[in-house]
Amino acid sequence: MTLTIDNVSNWHPEKLGDAGEQAKKVADGLDGVVGKGVTDTKGLEDTKAWSGATGHAANTRMETEKSRAGKVSTELNALQTAFNEQVHLLQSAKDTVLRLRNDAINQNPPFEVSADGTVSAGPRIAEIRRAEGEGRGGAESAIVSEELEAARRQWELVLALQAAETAANTARDGIRSAVGKLQAAFNELGDPNLGVSQTQNTSTTPTATTSTTSKPSYVTNSHHGSGSGMSSGSAYSGATGGTHNATGPMPTGDVAEWIKKAKAKLIEMGYSPDQIDERALAMIIEHESGGNPLIVNDWDSNAAAGHPSKGLMQTIDSTFSAYKAPGHDNIYDPVDNIIAGTRYAIDRYGSLSNVPGVAAVNSGGAYQGY
């Protein structure tokens, strides 16, 4: 068994609940957006603004995308359930281990408890021997009793650690399974960056548009085998402290709200408002994660090295930990991720405008990962 009491003490099962809430929020947002798209498209045909074979084909296409998005939404809700189920199991396992440890060390005199669950009655036996030196008898019987009590406590603690390790493995496997099903549903979606063929026969039902890559293009185009938080490789060599703003639209919807909250926190931390370009952040978020705060890059060199990029701005754990704001500790929380990603980008490139992908798009090129 490799799990220690210190490992269990550092667990934060409640963060799985937070991640579950984010999954539910994404599912609700997806249902709302797709539902509105279906309704609006149908409204165009109903009002004769877009009718005939083309209008019918558009409605058919939207219903197809609604069905596919519905699968993603279902798996997002299943992911929330998986997170919530593990919260209670892990918290119960943690509580049991810490209760047994604390009960042992809070005795007077205390039992000694090692990280691996070993319990010693050393301090208590020392007290017995001290009392024996003062003329009180029965030392050997009392020592045997204390050793037996230490062994009993150790047995309970070791069993609790084994149960905690089992709970951790169960949580890992359950969440991996849910994530795998979500990824499979996500892979069935058409690539939003590819349009329907201009030569398509609109008198027939349009077929699904699929990407020629195994991942969405906003992923394959943005990382190129690297990702945020990498210490190797050369940084962008453009001028630091650039004053030009990013091209592209201002953020909307949830992304706009997340950026607004992150910007407020960054200003509170001492950053100038003009350092936090909403257009640049929206561009980075769109290309790095497609606006999905729960996405994990499991196919590039970071992932192969055991530290995959995560969240809206695709930060690895070490980068997130280095640049997160106090009290903003959840890499899957969109606001927390934006704060850390922004601080990293400004620290490394001088400004958001100098992030390689932003600079490339501003110059008419293709986005590249940072």
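**Close-up views of a predicted model**

**View A. Thr74 within helix α3.** Thr74 belongs to helix α3, which runs over residues 52–105 of a structure that is a predicted model. With a relative accessible area of 48%, Thr74 counts as partly exposed, because the class called exposed begins only over 50%. The view also takes in Lys181, which is separated from Thr74 by 107 residues in sequence, while the C-alpha atoms of the two residues are 9.8 Å apart in space.

**View B. The largest nonpolar core.** This core contains 39 residues, and the members that touch the most other members are Val8, Trp11, Leu76, Leu79, Val97 and Ala164. At least two of its residues come from each of α1 (5–9), α2 (14–46), α3, α4 (122–133) and α5 (139–187), and the greatest contribution is that of α5, with 13 residues. In soluble globular proteins, nonpolar side chains tend to be buried together.

**View C. The surroundings of Val97, and a second core.** When residues up to four places away in sequence are left out of the count, Val97 touches Ile5, Val8, Leu157, Ala160, Leu161 and Ala164. A second core, separate from the one to which Val97 belongs, comprises 32 residues, including Val255, Met313, Tyr344 and Ile346.

**View D. Helix α7 against helix α8.** The axes of helix α7 (residues 253–268) and helix α8 (residues 278–289) come within 11 Å of each other and cross at roughly 125°, an angle that lies outside the 65 to 115 degrees counted as roughly perpendicular and is not over 145 degrees, so the two helices are oblique to each other. The crossing in which α7 passes α8 is right-handed. On the α7 side the contact is formed by Val255, Ile259 and Lys263, and on the α8 side by Glu278, Leu281, Ala282 and Ile285. Sorted by character, the residues of this contact comprise 5 nonpolar and 2 charged ones, with no polar residue.

**View E. Helix α7 against helix α11.** Helix α7 also packs with helix α11 (residues 334–349), at an angle of about 55° and with the axes 9 Å apart, and these two helices are therefore likewise oblique to each other. The crossing of α7 and α11 is right-handed. From α7, the residues Trp258, Ile259, Lys261, Ala262, Lys265 and Leu266 meet Pro334, Val335, Ile338, Ile339, Thr342 and Arg343 of α11. This contact divides into 8 nonpolar residues, 1 polar residue and 3 charged residues. Ile259 appears in the contact of α7 with α8 and again in the contact of α7 with α11.

Key: Residues are numbered from 1 along each chain as its sequence is written. This is a predicted model: local features need pLDDT of at least 70, side-chain atom pairs count only at pLDDT 80 or more; totals for chains, interfaces and linings use all residues. Side-chain values use heavy atoms; hydrogens and water are left out. Helices (H or I, at least four residues) and strands (E, at least two) are DSSP runs, numbered from the N terminus. Buried means under 20% relative accessible area, exposed over 50%, partly exposed in between (1.4 Å probe, protein chains only). Axes are lines fitted to C-alpha atoms, for helices over the stretch in contact, and angles run from 0 to 180 degrees between N-to-C directions. Angles under 35 degrees count as roughly parallel, over 145 as roughly antiparallel, 65 to 115 as roughly perpendicular and the rest as oblique. A crossing is left-handed if the near helix is turned anticlockwise from the far one by less than a right angle, and right-handed if clockwise. Contact means heavy atoms within 4.5 Å. Ala, Val, Leu, Ile, Met, Phe, Trp, Tyr, Cys and Pro count as nonpolar, Asp, Glu, Lys and Arg as charged, and the others, Gly among them, as polar. A nonpolar core is a set of buried Ala, Val, Leu, Ile, Met, Phe, Trp, Tyr and Cys residues joined through side-chain atoms within 4.5 Å.
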